[in-house]
Amino acid sequence: MGKSIFKQIIDGEIPCNKVYEDDEILAFRDINPQAPTHILVIPKKEIPSMKDIGDEDIELIGRLLRVAGKIAEQEGISETGYRAVFNCGRDAGMEIPHLHLHLIGGRAMTWPPG
Ligand code: 5GP
């Protein structure tokens, strides 16, 4: 199997609208935004989905959530609210097999999700 789209973005082979980057985490704007703010926060480590998170990844995932919260503050959606979503597998409509957190905000949302 070839590289996923997100691995190609991490490796700089596909451009992205970058919001944040450090040694372990990359965040960029979704190409097909579902709200005024729609950012994908991903680990650079190739973890396909939540079921593949290992004990050794716990600190990384904690940092990823912390980074997402900080980005929400920077985007000005911390007070109004936002969704932080991991789509996992077929029923959730996961398209890209590289763990990613959708940070979605800037408009009111309904529940339950579709
Ligand atoms: P999933 O359905 O796997 O949870 O979400 C994948 C997300 O990646 C979708 O929201 C889709 O719009 C986004 N996406 C797919 N290809 C690209 C791309 O090449 N660049 C960016 N920035 N986002 C992408």
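Biologist: In this predicted model, which of the 16 residues around the ligand come nearest?

Modeller: Arg29, Asp30, Glu95, His100 and His102 come nearest among the 16 residues around the ligand, and a residue is counted as near because one of its heavy atoms lies within 4 Å of the ligand.

Biologist: What makes the pair between Asp30 and the ligand a polar contact?

Modeller: A polar side-chain atom of Asp30 lies 2.5 Å from an oxygen atom of the ligand, and the cut-off for a pair of N or O atoms is 3.5 Å, so the pair counts as a polar contact. The side chain of Asn87 has an N or O atom 3.0 Å from an oxygen atom of the ligand, and a backbone N or O atom of Gly93 also lies 3.0 Å from a ligand oxygen atom, so these pairs meet the 3.5 Å limit as well.

Biologist: How much of the ligand's accessible area does the protein cover?

Modeller: Of the 520 Å² that the ligand has on its own, the protein covers 87%.

Biologist: Where does the ligand sit, and what lines that space?

Modeller: The ligand takes up the space of the largest pocket, which has a volume of about 930 Å³ and is lined by 34 residues, with Asp30, Gln34, His38, Asn87 and His102 lying nearest its centre. Helix H1 (5–10) gives the most to this lining, with three residues.

Biologist: Why are three residues of the shell around the ligand called charged?

Modeller: Asp, Glu, Lys and Arg count as charged, so the three charged residues of the shell are of these kinds, set beside eight nonpolar and five polar ones.

Notes:
Residues are numbered from 1 along each chain as its sequence is written. This is a predicted model: local features need pLDDT of at least 70, side-chain atom pairs count only at pLDDT 80 or more; totals for chains, interfaces and linings use all residues. Side-chain values use heavy atoms; hydrogens and water are left out. A polar contact is a pair of N or O atoms within 3.5 Å; within protein, one must be able to donate a hydrogen and the other to accept it, and residues adjacent in sequence count only if both atoms are side-chain atoms. Accessible areas come from the Shrake-Rupley method with a 1.4 Å probe; for residues, only the protein chains shown count as cover. On a 1 Å grid over the protein atoms alone, a cavity is a set of points where a 1.4 Å probe fits but cannot get out, and a pocket is an open set with protein on both sides within 12 Å along at least five of seven lines; lining residues have an atom within 4 Å of a point. A molecule sits in a cavity or pocket if more than half of its atoms lie within 2 Å of its grid points. Helices (H or I, at least four residues) and strands (E, at least two) are DSSP runs, numbered from the N terminus. Grid points are joined across faces, edges and corners, and a volume is the space filled by probe spheres set on the points.
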